[in-house]
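Work through the exercises below with the model open beside you. Each task is followed by a solution in steps.

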Amino acid sequence: MAEKMGNLKRSMYCGEIREENINEEVTLMGWVAKERNLGSIIFVDLRDRAGIAQIVFDDTVDKDLFNKATKLRSEFVIAIKGIIRQRSSINDKIPTGKVEILANDLKILNESEVPPIYIKDDDNVSETMRLKNRPLDLRKPFMQNNLMMRSKFYKVTRDFFANEGFIEVETPMLTKPTPEGARDYLVPSRVNDGQFYALPQSPQLLKQLLMVSGLDRYFQITKCFRDEDLRANRQPEFTQIDLEMSFVEIDDVISINEKFLKYAFKEMVDVDIELPIKRMKYKEAMDRFGVDKPDLRFDLELQDISSIVKNCGFKVFENATEEGYSVRGINIKSGADFYSRKAIGKLEDFVKDYGAHGLAWIKLVDGEINSPIAKFLDEKVLDDIIKTMNAEDKDLLVFVADKNKVVYDSLGNLRNKVAKDMELIKKGDYKLVWITEFPLFEYDEEDERYVAKHHPFTSPMDEDLDIVLTEPQNARAKAYDIVINGDEMGGGSIRINDREIQKTMFKALGFTEEEAQNKFGFLLEAFKYGAPPHGGLAYGLDRLIMLFTDSDNIRDVIAFPKTQSATCLLTGAPTRLTEEQLEEVHIKVIEK
């Protein structure tokens, strides 16, 4: 039966006891991580969020207390009082490993059944079991450390932006559905029959209205929601650091955020980030790395050999040299030995996932060319390819020939895979880069129209204002992303603050005046009364915590995450409603 704490009051955390506390009497509380009965002595590892303390129950000192301690099992919740003393056998693996506590009092506050998962960092249990038993999973030291790091980052963020004159403002969770981007989570209104709110994908329009209101500098740590198909490291609800500034241009927004990143890296991982952070235009990033979020911790840059193979006689290459197509390759240094024929086949399967029809390759081994495509290319073409690719003995050259989008997607993701395969990434290395001058639009082949690359409120580059309607494919945006180690950690833009330019943008996206007024009338109305030049940025807080904790799974930095199918294994959400609940919000479910 569970005991009360009585007169016992915790005086320290388990992980805080040190040699300087020897001979002090302390009271600790926590969970039994491990117990070892050696006959006349029982050792208990007591765990709380701060760490582990070794507790000793000695039969020769207090027989009744010893007998009570024989009942202890893993995950029992207990309180103990005792004297800190030197440990006879030192454990250098934990901070408390030089001391232990000789217990003189014990209260069993709650018993525990045998847990369905081990409470240790290297348990190797399935993620499904971890998520179903999340309260137990959260007892693991690495999970508690991740959440404490997350908590610290909230404070770091608030301290920085408050000191820079930003005002924290909460924007509503129940808002208007948006017509662009990912699908909204919809919330039916009980009191407004047949009408719906949406959970925000971001506070974009509301923070712009805060700039119209004259607030000047705003920030918020907020939840955002997207009802979309999830990739491995995405969540249907995620946390965003959102900010907006008035009377600014691109350099102003980038400058304040570089200061923030420098401060955050120093506070969180004690790393000094060199300023200014490198900038790279979108086109350069795509041509060199195939993606708009390049990982700069390793080389493996793309090389365009289209001009070399334009009339080479090899139809696979020749057919990919017309407008909108290209032949590009990567030189995998020392890859000839690392990748066997079978392993190259797996690389080919990998690029097919990104739409490529195949992967051509050339190995240089002991001065000889080993390649299934060599017979289709004359000696001069091969020499020019090798020279352009800066190839040497033992190198593996891989090529994709297709539409530019397919080539970029295939090789851009392949270079990341190769870097992991060959362990080219040094632990603790951070490479930051701003990607700028994004396209204002991108073509949606499914809808057969141009859509906003970022969102419809992004300002065009000044020199591209005249081509927004006539050459949308060439219009560039005043947009910028901060990329760290190959992940987009944040993105923003200078916004449109001119009512007529905003109307032009809506027209380019195919909205009629009536549609624009119906969906964004409140924004256009506010712009009538003096909207300042403004811009901002939003960070993915969850991704930053992954970076700071060196986690490769987003679910390891969120207390109660969803699965890849947007379900909660702990609570069973989402769930069906009763007929009465559905009727109350005027909804009828149509079974498929």
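## Exercise 1: The surroundings of Asn331

The model is predicted. Leaving out residues up to four places away in sequence, Asn331 touches Leu300, Met389, Asn390, Ala391, Asp395, Leu396 and Leu397.

**Task.** Place Asn331 in its strand, and decide whether Asn331 counts as buried or exposed.

**Solution.**
- Step 1. Find the strand. Asn331 sits in S13, which covers residues 325-332.
- Step 2. Check accessibility. The relative accessibility of Asn331 is 10%. Buried means under 20%. Asn331 therefore counts as buried.
- Step 3. Look at the side chain. One of its polar atoms lies 3.2 Å from the backbone oxygen of Asn390. Asn390 is also among the residues that Asn331 touches.

## Exercise 2: The partners of strand S16

**Task.** Which residue of S16 is the bridge partner of Asn331? How many bridges join S16 to S13, and how many join S16 to S14?

**Solution.**
- Step 1. Start from Asn331. Its bridge partner in S16 is Leu397. Leu397 also appears in the contact list of Asn331.
- Step 2. Count the bridges to S13. There are 8, and S13 and S16 run antiparallel.
- Step 3. Turn to S14, residues 360-365. It is joined to S16 by 4 bridges, and this pair runs antiparallel. Here Lys363 stands opposite Leu396 of S16.
- Step 4. Check how covered S16 is. The strand spans residues 396-403, and 7 of its 8 residues are buried.

## Exercise 3: The enclosed space

**Task.** How many cavities of 30 Å³ or more are there, and which residues line the largest cavity?

**Solution.**
- Step 1. Count. There is 1 cavity of 30 Å³ or more.
- Step 2. Size it. The largest cavity has a volume of about 40 Å³.
- Step 3. Read the lining. It consists of Leu131, Arg134, Phe560, Pro561, Cys568, Leu569 and Leu570.
- Step 4. Sort by class. The lining of the largest cavity has 6 nonpolar residues, no polar ones and 1 charged.

## Exercise 4: The second largest pocket

**Task.** Which strand gives the most residues to the lining of the second largest pocket, and how does that lining divide by class?

**Solution.**
- Step 1. Size it. The second largest pocket has a volume of about 680 Å³.
- Step 2. Go to its centre. The pocket is lined by 26 residues, and those closest to the centre are Ala33, Lys34, Arg47, Ile119 and Lys120.
- Step 3. Compare strands. S1 (25-37), S2 (41-48) and S3 (51-58) each supply at least two lining residues. S1 gives the most, with 4 residues.
- Step 4. Sort by class. The lining of the second largest pocket holds 9 nonpolar, 4 polar and 13 charged residues.

Note on methods. Residues are numbered from 1 along each chain as its sequence is written. This is a predicted model: local features need pLDDT of at least 70, side-chain atom pairs count only at pLDDT 80 or more; totals for chains, interfaces and linings use all residues. Side-chain values use heavy atoms; hydrogens and water are left out. Buried means under 20% relative accessible area, exposed over 50%, partly exposed in between (1.4 Å probe, protein chains only). A polar contact is a pair of N or O atoms within 3.5 Å; within protein, one must be able to donate a hydrogen and the other to accept it, and residues adjacent in sequence count only if both atoms are side-chain atoms. Contact means heavy atoms within 4.5 Å. On a 1 Å grid over the protein atoms alone, a cavity is a set of points where a 1.4 Å probe fits but cannot get out, and a pocket is an open set with protein on both sides within 12 Å along at least five of seven lines; lining residues have an atom within 4 Å of a point. Grid points are joined across faces, edges and corners, and a volume is the space filled by probe spheres set on the points. Ala, Val, Leu, Ile, Met, Phe, Trp, Tyr, Cys and Pro count as nonpolar, Asp, Glu, Lys and Arg as charged, and the others, Gly among them, as polar. Two strands pair if DSSP finds at least two bridges between them.
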